[in-house]
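Here's a quick briefing to read alongside the model. Have a look at the structure first, then run through the notes on helix packing, pockets and confidence.

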Amino acid sequence: MSSQDLSTLISRAERVLAQLEAWLPPAPPPIDWDCTAFRWRNNGSRGWLEGVQHVATIRTDDLHHIERQKSIIERNTRHFLDGKPANNVLMTGARGTGKSSLVKAMLAKFADQGLRLIEVDKSDLADLGTIIDLISSRPEHFIIFSDDLSFEEGEAGYKALKSVLDGSVASPGDNVLIYATSNRRHLMPEYMKENLGVSTSADGEIHPGEAVEEKVSLSERFGLWLSFHPFKQDDYLDIVYYWLGALGCPAEHIESSRMEALQWALERGSRSGRVARQFARDWTARHV
């Protein structure tokens with residue numbers, strides 16, 4: 001082959017490679033390990049950890065009337081950081097009562113001790129193995145956090161989460177815990193027909209009772225269950241007054257907010273910490 005033929009071949013190969021590169025997804029950005037919180041991003045063909053530059057911070061002192069839940073999760077997180085045995089945590093119950101805020105509060109409290117948070121959407125839970133491989137050799141301690149978790153039949157993330165929690169031959173490592181929140185305690189829908197343990201189900205399954213066991217088995221793999229309940233009226237008002245004071249509302253305006261705060265909760269059908277904080281923002285904006 002002459003030098004001219006070789007040059008032509010190389011030129012053609014470079015053009016083919018350039019065309020292929022145009023179709024390939026871009027390389028994931030480098031991980032900024034200086035961040036304290038991350039999101040798992042997935043473009044369909046590959047995933048990466050994206051550092052959160054502006055972390056939504058909330059302190060444990062900002063969360064009221066969930067003292068038992070705070071003490072349990074803080075104790076568990078402290079044990080985790082101290083290298084002691086610690087449990088994965090499932091927080092269930094009424095919406096807006098502080099489940100996800102409690103996880104963020106743990107990051108704010110323990111970030112300077114090496115705690116890091118990775119937020120993973122339910123749709124990306126099938127990537128848990130990849131995420132754990134990325135962080136297994138890091139010196140920090142990571143909480144993988146999935147908010148508002150629930151599954152329907154056949155979702156891929158269900159099996160991945162179940163395997164990572166307890167069941168895979170590979171250990172997730174001593175620097176990883178999973179904290180999840182859900183409004184559904186057993187994470188998957190249950191149907192009346194599945195409780196007919198001695199009957200044949202409509203689709204011909206001989207032991208439908210075993211389907212119930214399969215669905216309950218996921219939530220049972222979380223070592224700690226924390227339940228959150230709707231607030232009483234006085235507790236709700238107490239949270240309203242706290243946030244009004246934190247937002248700089250004068251005392252005379254705080255005292256006069258009671259009736260509107262109750263009406264605000266009635267319109268939304270919920271007396272929760274989230275609703276209380278939303279009202280406090282609106283009231284303060286109108287009166288300060």
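**Helix packing, pockets and confidence**

α7 and α9 sit roughly perpendicular to each other, because their angle of about 115° still falls in the 65 to 115 band that counts as such. Keep in mind that this is a predicted model. Its mean pLDDT is 83, and two pockets are worth a look: the largest at about 560 Å³ and the second largest at about 230 Å³.

**How the helices pack**

- A pair of packed helices is described by two things, the angle between the axes and the distance between them.
- For α7 and α9 (residues 258-268), the axes are 11 Å apart, and the crossing is right-handed.
- α7 also packs against α10, this time at about 40° with the axes 8 Å apart.
- That angle is why α7 and α10 count as oblique to each other.
- The crossing of α7 and α10 is right-handed.
- α2 (residues 67-81) packs on α3 at an angle of about 45°, and 11 Å separates their axes.
- So α2 and α3 are oblique to each other as well, and α2 passes α3 in a right-handed crossing.

**The largest pocket**

- This pocket has 28 lining residues, and G96, G98, S100, S101 and R274 are the ones nearest its centre.
- Which elements give two or more residues to its lining? They are α3 (99-110), β6 (176-182), α7 (233-246) and α10 (273-287).
- α10 makes the largest contribution to the lining, with five residues.
- Sorted by class, the lining has 12 polar, nine charged and seven nonpolar residues.
- Two of the contributing elements, α7 and α10, are the helices that pack at about 40°.

**The second largest pocket**

- Here the volume is about 230 Å³, and 15 residues form the lining.
- V55, A56, K104, L117 and E119 lie closest to the centre of this pocket.
- β1 (37-42), α3 and β4 (115-119) each put at least two residues into the lining.
- How many nonpolar, polar and charged residues does the lining of the second largest pocket have? The split is nine nonpolar, two polar and four charged.
- α3 turns up in this lining, and α3 also gives two or more residues to the lining of the largest pocket.

**How far to trust it**

- Of the protein's residues, 79% reach a pLDDT of 70 or more.
- Among the elements, β4 has the highest mean pLDDT, at 97; β4 is also one of the elements lining the second largest pocket.
- At the other end, helix α6 (residues 209-220) has the lowest mean pLDDT, at 60.
- Where pLDDT is low, the predicted coordinates should not be read in detail.

Key:
Residues are numbered from 1 along each chain as its sequence is written. This is a predicted model: local features need pLDDT of at least 70, side-chain atom pairs count only at pLDDT 80 or more; totals for chains, interfaces and linings use all residues. Side-chain values use heavy atoms; hydrogens and water are left out. On a 1 Å grid over the protein atoms alone, a cavity is a set of points where a 1.4 Å probe fits but cannot get out, and a pocket is an open set with protein on both sides within 12 Å along at least five of seven lines; lining residues have an atom within 4 Å of a point. Grid points are joined across faces, edges and corners, and a volume is the space filled by probe spheres set on the points. Helices (H or I, at least four residues) and strands (E, at least two) are DSSP runs, numbered from the N terminus. Ala, Val, Leu, Ile, Met, Phe, Trp, Tyr, Cys and Pro count as nonpolar, Asp, Glu, Lys and Arg as charged, and the others, Gly among them, as polar. pLDDT is the predictor's confidence in each residue, from 0 to 100. Axes are lines fitted to C-alpha atoms, for helices over the stretch in contact, and angles run from 0 to 180 degrees between N-to-C directions. Angles under 35 degrees count as roughly parallel, over 145 as roughly antiparallel, 65 to 115 as roughly perpendicular and the rest as oblique. A crossing is left-handed if the near helix is turned anticlockwise from the far one by less than a right angle, and right-handed if clockwise.
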